[in-house]
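Hi,

Here is the structure I said I'd pass on. Have a look at it first, and my notes on what turned up follow underneath.

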Amino acid sequence: MRLARGILIALGVGLTAIGGIVLLVDVPPERYLGIATWVGAAIVLHDGVVAPVVVAVGLGAARADRRLGRGPVAVVQGAMLVGAILTAIALPALIASLRGNANPTILVGSYASSLAVAWALVAITVAVAAVAGVRRASPSSARAARRN
Amino acid sequence: MSNVTGRAAARLAERIAPLMRRAHDTADDPVKSPRTAVVVGRLLATAFLVCFATGLYSHVLQHPASWLVLPTRPVELYRFTQGAHVISGIAAAPLLLAKLWSVFPNLFTWPPVRSLPHLLERVSIAVLVGAALVEVTIGLLNIVQWYPFPFSFRTTHLALAWVVIGGLSIHVGVKLPVIARHWRRRDEDRHGTSDAAGRVISRRGFVTAVGAAAASAVVLTAGQSVDALAPMNVFAPRRMGVGPQGLPVNRTAAQAGIAPAAVGPAWALEVHSSAGTRAFDLDALRRMPQTDVVLPIACVEGWSQSASWRGVRLIDLLATAGAEPGGPLVFTSVQAEGAFARTTMPPEYARDPLTLVALELNGSVLHLDHGYPARVIAPGRPGVMQTKWLRAIEVTA
């Protein structure tokens, strides 16, 4: 285990050093600040904005959980995750297509309407799960729920 | 004096510690267990390794070393590797966010630094996380040809790839005992507290949702390179069959600044070799024996499509000019500027009977955007190396 760890860490330092050499040799020094800014901004944006928002959504879901039950809320969260990821994937294409490209064979999809369809499917899934949850939590089944 | 600053620091720490503990507890969730990090982490590591290997292969093809003989078979090899590069890069986006989600509470570890090794580990994690996020982001931006970043894509993407893989290796080395302990489901995962219940979603539920997100992102984009998924392609920048002669182009003639006069009746393809210079005009090329091949155009941006090409075998053309491809060939385009206006072809491709100076595509004369009057098409090479609007071929012995 110790040997394996040593090898992996040494290998990692070596590979990182190759990255550093590529930066030194192939990237003009006036680009370093831009690269460092992007790497730093990526950390700040993720840790300071994206991750806290996701935590907040999770806390909200935990509240809804008490009313709707675990299964439905899990489905709602899963559907929203799929919607969020598809948005992240489609957003660059959507913005780039709005900016335009002199090449008519790129950005040929209708990204806005595809995204709208994706979110409509997410909304339907959420609605079905919510209705299922409310039904389960309704008085007729409340006794059964309590027994569990 | 140092006593004063020391006391001030201690008091500050006293204030911050409970805040950090609260942030940690707020962000925490029983489902964010080492087992979850291992399960998601190895999927992400697999995606990154595929990206790294296929990306390096693409760089090697674009900057061939003279001592390295590159494979010309299977003809769809580059189509496969570069398609896999972009597909695994897209899959890496949800996996990376899921991995970060599962370890986010660790950001609020208190005290922030316990020792020098701990400091080094946290720095290496910061570099790994930042570089990985940028790598995936600029990859997604590059395939839509949108460049809002103040640096060159190709070299930065390559440099950061080494940094990410290096950081990954360090990270796996540091965490190896934890990874080994949680590689397989453990008894406590199976019974009792099993399947880490979580605030809302269970571990298996979480992994399923992340899998669904990654799968839907892949299925809805991979159709730009995988024939079977073409009908499901709604979010990819390219679509199979969309373009002149039913094939997309990376750069149009107008974008490349091709003047119609430069490819008019006066156009001729020159072959320079130790045997001298021979010029072939379009009629001369058409009078030579024509060969039909089916070869893909596979772009570095990940899209690809198979097509039917017709033209003169390169090896026949060279023979007619009295040239023998002993060393690398240099192809020059009518295109005056651009990184790929001049490309180098290792001799193994020139000797391949499938390599053509193509004059026709999918049953008709090459469209200007596809490189009229003549372009190179060779098996297993990136699209940018399939030089369009050919002007000259230099053969070295």
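One definition before the rest: two strands count as paired if DSSP finds at least two bridges between them. With that in hand, β4(B) and strand β7 (residues 356–361) of chain B qualify, since they are joined by 5 bridges and run antiparallel. In that pair, B:Val312 sits opposite B:Val357 of β7(B). Keep in mind throughout that this is a predicted model.

**The chain as a whole**

Chain B has 11 helices and 10 strands. Its radius of gyration is 27 Å, well over the 21 Å that the globule rule gives for 397 residues, so chain B is more spread out than a compact globule. Along the principal axes, its C-alpha atoms fill a box of roughly 85 × 55 × 35 Å. Of the 397 residues in chain B, 47% are buried. If you take contacts in chain B between residues at least 6 apart in sequence, 72% of them join residues at least 24 apart.

**Where chain B meets chain A**

The contact takes 69 residues from chain B and 60 residues from chain A. On the chain B side, the elements giving two or more residues are α1 (2–27), α3, α4, α5 (153–182), α7 and α8 (253–256). Which of them gives the largest share? That is α5(B), with 17 residues. By class, this side of chain B has 46 nonpolar, 18 polar and 5 charged residues.

**Two helices**

I checked a couple of helices against the ideal rise. Helix α7 (residues 203–219) of chain B has 17 residues, which at 1.5 Å a residue should span 24 Å, and its end C-alpha atoms are indeed 24 Å apart. Several residues of α7(B) are buried, including B:Phe206, B:Val210, B:Ala213 and B:Val218. What covers the buried residues of α7(B) includes α3 (70–99) of chain A, along with α2 (34–62) and α3 (77–103) of chain B.

Helix α4 (residues 116–143) of chain B also agrees with the rule: its 28 residues should span 40 Å, and the end C-alpha atoms are 41 Å apart. After α4(B) comes B:Gln145, which has a positive phi near 55°.

**The strands**

Five strands of chain B, in the order β2-β1-β10-β5-β6, form an open sheet with mixed pairing. Its edge strands are β2 (276–281) and β6 (342–345), each of which pairs on one side only. On average, neighbouring strands in this sheet are turned by 20° against each other, direction ignored.

At one end of that order, strand β1 (residues 268–273) and β2(B) pair in the antiparallel sense over 6 bridges, and a hairpin joins β1(B) to β2(B) through 2 residues. For the register, B:Leu269 stands opposite B:Phe280 and B:Val271 stands opposite B:Arg278.

Back to β4(B), whose other pairing is worth a look too. Strand β3 (residues 291–298) and strand β4 (residues 304–313) of chain B run antiparallel and are joined by 8 bridges. There B:Ala298 is opposite B:Ser304. The hairpin of β3(B) and β4(B) has 5 residues between the strands, and B:Gly302 in it takes a positive phi near 100°.

**Backbone oddities**

Some context for these: most residues other than glycine have a negative phi, and most peptide bonds are trans.

- The peptide bond joining B:Trp110 and B:Pro111 is cis, with omega about -5°; B:Pro111 is in the loop between α3 and α4 of chain B.
- B:Tyr372 to B:Pro373 is another cis peptide bond, with omega near 10°. B:Pro373 is in the loop between β8 (364–365) and β9 (375–377) of chain B.
- B:Gln245 has a positive phi near 55°. It lies in the loop between α7 and α8 of chain B and counts as partly exposed, with 18 C-beta neighbours inside 10 Å.
- B:Trp389 has a positive phi near 50°. It lies in the loop between β9 and β10 (390–395) of chain B and counts as buried, with 23 C-beta neighbours inside 10 Å.

**A buried loop residue**

B:Met240 is in the loop between α7 and α8 of chain B. Is B:Met240 buried or exposed? It has 22 other C-beta atoms within 10 Å, and 20 or more is the cut-off, so B:Met240 is buried. Leaving aside neighbours within four places in sequence, B:Met240 is in contact with B:Gly223, B:Gln224, B:Ala230 and B:Gln305. B:Ala230 is 10 residues from B:Met240 in sequence and 6.9 Å from it in space, C-alpha to C-alpha.

Cheers

Definitions and conventions
Residues are numbered from 1 along each chain as its sequence is written. Chains are lettered from A and ligands numbered from 1 in the order in which they are written. This is a predicted model: local features need pLDDT of at least 70, side-chain atom pairs count only at pLDDT 80 or more; totals for chains, interfaces and linings use all residues. Helices (H or I, at least four residues) and strands (E, at least two) are DSSP runs, numbered from the N terminus. Axes are lines fitted to C-alpha atoms, for helices over the stretch in contact, and angles run from 0 to 180 degrees between N-to-C directions. The expected span of a helix is 1.5 Å times one less than its number of residues. A residue is buried if 20 or more other C-beta atoms lie within 10 Å of its own, exposed if 12 or fewer, and partly exposed in between; C-beta atoms are placed from the backbone. Two residues are in contact if their C-beta atoms, placed from the backbone, lie within 7 Å. Ala, Val, Leu, Ile, Met, Phe, Trp, Tyr, Cys and Pro count as nonpolar, Asp, Glu, Lys and Arg as charged, and the others, Gly among them, as polar. The radius of gyration is taken over C-alpha atoms; the globule rule is 2.2 Å times the number of residues to the power 0.38.
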